[in-house]
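The following note sets out, point by point, what may be read from the structure shown below. Please keep the structure in view while reading each point.

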Amino acid sequence: MRLIGRPELLTLTQGAACNLRDAVHALAAELEAATWQSDEDCRAAFPAARFLRGRLIVDLDGCHCAAIAISYGKDVAVVEFAGTASDLDSAIAVRPGKKT
C-alpha cells in the first residue's frame, strides 16, 4: 500500500523510548508492504487492532496509538492520527469518515 502521513507517524519517534520507535517503524513497514483487500485482512495482520469510525486503530505501546484510514480499492493507507490514546477520540471526532 501507498502510505500517506508517514511524517505524522514518525513524529512519535522523536525522543521516544526504544519500544515506541520500534513499533512505529514496524507499523510503517507493515502498511507499506500490505496488500489488504478487506477489514478481515487488517485484522489478520493486527489481531489486537480495532476499527473505530471506519479507521484501523493500532496500539503502539501502552500510551500511543495510530488511526489509519484504508482505501482497499486504491491501495492506500492514510495516517490520520498518531499520538496518545487519550487524544484519539477528539482527533477522530473532528474527521468524520467512512470505511472504503
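1. The sheet. The model, which is a predicted one, contains an open sheet of 5 strands in the order β1-β5-β4-β3-β2, and the pairing within this sheet is mixed. Its edge strands are β1 (2-4) and β2, each of which pairs on one side only. On average, neighbouring strands of the sheet are turned by 35° against each other, direction ignored.

2. The helix on the sheet. Helix α2, covering residues 18-33, packs on this sheet and touches β1, β3, β4 and β5. The direction of α2 makes about 5° with that of β4.

3. The parallel pair. Strand β1 is joined to strand β5 (residues 76-84) by 3 bridges, and the two strands run parallel. Within this pairing, Leu3 stands opposite Ala77 in β5.

4. The hairpin of β2 and β3. Strand β2 (residues 50-52) pairs with β3 in the antiparallel sense over 3 bridges. Phe51 has Leu56 of β3 opposite to it. The hairpin has 2 residues between its strands, and Arg53 takes a positive phi near 50° there.

5. The hairpin of β3 and β4. Strand β3 also pairs with strand β4 (residues 64-71); 4 bridges join these antiparallel strands. They form a hairpin with 4 residues between them. Asp59 has Cys65 in β4 as its bridge partner. Strand β3 itself, residues 55-59, is mostly covered, as 4 of its 5 residues are buried. For the student, a general remark may help: in a regular strand the side chains alternate between the two faces of the sheet.

6. A charged residue under cover. Is Glu80, in strand β5, buried or exposed? The relative accessible area of Glu80 is 17%, and therefore Glu80 counts as buried, since the cut-off for a buried residue is under 20%. With which side chain does the side chain of Glu80 make a polar contact? The partner is the side chain of Arg55, at 2.3 Å.

7. The aromatic pair. The structure holds 1 aromatic pair. It is formed by Trp36 and Phe46, which meet edge-to-face with 5.9 Å centre to centre and 80° between the planes. Trp36 lies in the loop between α2 and α3 (39-45), while Phe46 lies in the loop between α3 and β2, so the pair ties together parts that are 10 residues apart in sequence. Both partners are buried: Trp36 has 6% relative accessibility, and Phe46 has 15%.

8. The largest core. In soluble globular proteins, nonpolar side chains tend to be buried together. Here the largest nonpolar core has 25 residues, and those with the most contacts inside it are Leu27, Trp36, Leu56, Ile68 and Ile70. At least two residues of this core come from each of α2, β3, β4 and β5. Helix α2 gives the most, with 5 residues. Leaving aside neighbours within four places in sequence, Leu27 is in contact with Leu9, Phe46, Val58, Leu60, Ala66 and Ile68.

9. The second core. A second nonpolar core, separate from the one above, has 7 residues. Among them are Ile57, Ala67, Leu88 and Ile92.

Notes:
Residues numbered from 1 in each chain as written. Predicted model: local features only at pLDDT ≥ 70, side-chain atom pairs only at ≥ 80, totals over all residues. Heavy atoms only, no water. Buried < 20%, exposed > 50% of the residue type's maximum accessible area, 1.4 Å probe, protein only. Pairing = 2+ DSSP bridges. Axes fitted to C-alpha atoms, helices over the stretch in contact; angles between N-to-C directions. Contact = heavy atoms within 4.5 Å. Polar contact = N/O pair within 3.5 Å; in protein donor to acceptor, adjacent residues only side chain to side chain. Phe/Tyr/Trp six-rings, centres within 6.5 Å; stacked < 30°, edge-to-face > 60°. Core = buried A, V, L, I, M, F, W, Y, C linked by side-chain atoms within 4.5 Å.
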